[in-house]
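Colleague: Could you take me through one part of this model up close? I'd like to get a feel for a single strand and what sits around it.

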Amino acid sequence: MSLTGKKALVTGASRGIGRAVALKLAREGADVIVTATSLERAKKTADEIILLGRRAVPCEVNVGIRQDIENLFKTVTDEFGNLDILVNNAGITRDGLLMRMKDEDWDDVISVNLTGAFACTREAIKLMAKAKSGRIVNISSVVGEMGNAGQANYCASKAGIIGFTKAVAREYAKRGITVNAVAPGFIETDMTGVLSENIREELLKQIPVNRFGAVEDIANAVYFLVSDLGSYITGHVLDVNGGMHM
């Protein structure tokens with residue numbers, strides 16, 4: 001189960017789920033490249049990882065910009081030489097009802113959430129295929145499976161992640177690479193922290209376990225999939241939502 005000696009990359013790792021995943025992988029022995037749109041925020045997570053006794057490299061990256069991804073994977077090869085684990089977590093929201101949604105709100109969300117995962121995976125696969133080994137986990141969402149009013153762009157991007165995950169899993173299984181998705185429900189993060197009390201109460205009514213999830217719940221699911229325990233699982237969507245969607 002140990003990830004000792006493994007090299008991992010976690011995008012969007014400055015806070016919330018991404019930070020929790022990066023710290024979990026480090027606690028289990030992995031060295032981690034941490035990305036965020038702010039180098040200062042990436043450094044904060046990297047510093048926490050270093051305190052755990054692991055190596056960490058912070059990078060300022062907008063996964064919606066191809067040049068940033070090219071620079072990121074140059075850092076991966078320069079610093080680590082190879083890559084064992086990729087977690088595509090970086091994501092944004094630009095919520096609004098369909099009739100009022102601007103083109104740029106649609107384009108930005110698809111660019112970061114879906115195209116960013118594609119571009120990072122394509123670069124990671126080059127390294128993993130050569131080594132004939134690798135673990136990729138894409139962070140989807142419960143709303144990518146069940147939809148949500150006011151989030152057509154976000155839901156489309158997260159549903160796209162699921163199809164993308166299954167396609168890449170089929171393409172690279174014979175190369176020793178597993179590709180899975182984790183679909184969180186409503187998790188206690190900055191994104192859900194802005195919800196009004198009334199909305200939170202309504203959401204809780206939809207969750208059988210009657211609580212929001214913790215970022216650690218997602219981090220544990222990711223760890224399971226990238227560890228040896230998940231070596232025979234690929235193309236799977238692991239729901240971590242308290243029973244909200246079954």
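**A close look at strand β1**

Modeller: Sure, and keep in mind that this is a predicted model. Let's begin with one pair of residues: Leu9 has Leu86 of strand β4 as its bridge partner. That pair belongs to a longer match, since β1 and β4 (residues 85–88) run parallel and are joined over three bridges.

Now look at β1 itself, which covers residues 7–10. Lys7 and Leu9 point one way, while Ala8 and Val10 point the other way. Are these residues buried or exposed? All of them are buried, Lys7 included.

β1 has another partner too: strand β2, residues 31–36, pairs with β1 in the parallel sense, this time over four bridges. Here you can find Ala8 standing opposite Val32 of β2. To get from β1 to β2, the chain passes through helix α1, which spans residues 16–27. This β-α-β crossover is right-handed.

Next, step back to the segment before β1, where you'll find Met1. Why do we call Met1 exposed? Because its relative accessible area is 54%, and the cut-off for exposed is over 50%. Together with Phe224 and Leu229, Met1 makes a nonpolar surface patch of about 290 Å².

So, to recap the strand: β1 pairs in parallel with β2 over four bridges and with β4 over three, and its residues Lys7, Ala8, Leu9 and Val10 are buried.

Terms used:
Residues numbered from 1 in each chain as written. Predicted model: local features only at pLDDT ≥ 70, side-chain atom pairs only at ≥ 80, totals over all residues. Heavy atoms only, no water. Buried < 20%, exposed > 50% of the residue type's maximum accessible area, 1.4 Å probe, protein only. Helix = DSSP H or I, 4+ residues; strand = E, 2+ residues; numbered from the N terminus. Pairing = 2+ DSSP bridges. Right-handed = clockwise from strand over helix to strand, strands pointing away. Patch = residues over 30% accessible without salt bridge, like charges linked within 9 Å, V, L, I, M, F, W, Y side chains within 5 Å. Areas by Shrake-Rupley, 256 points an atom, 1.4 Å probe, with all protein chains shown as cover. Salt bridge = Lys/Arg side-chain N within 4 Å of Asp/Glu carboxyl O.
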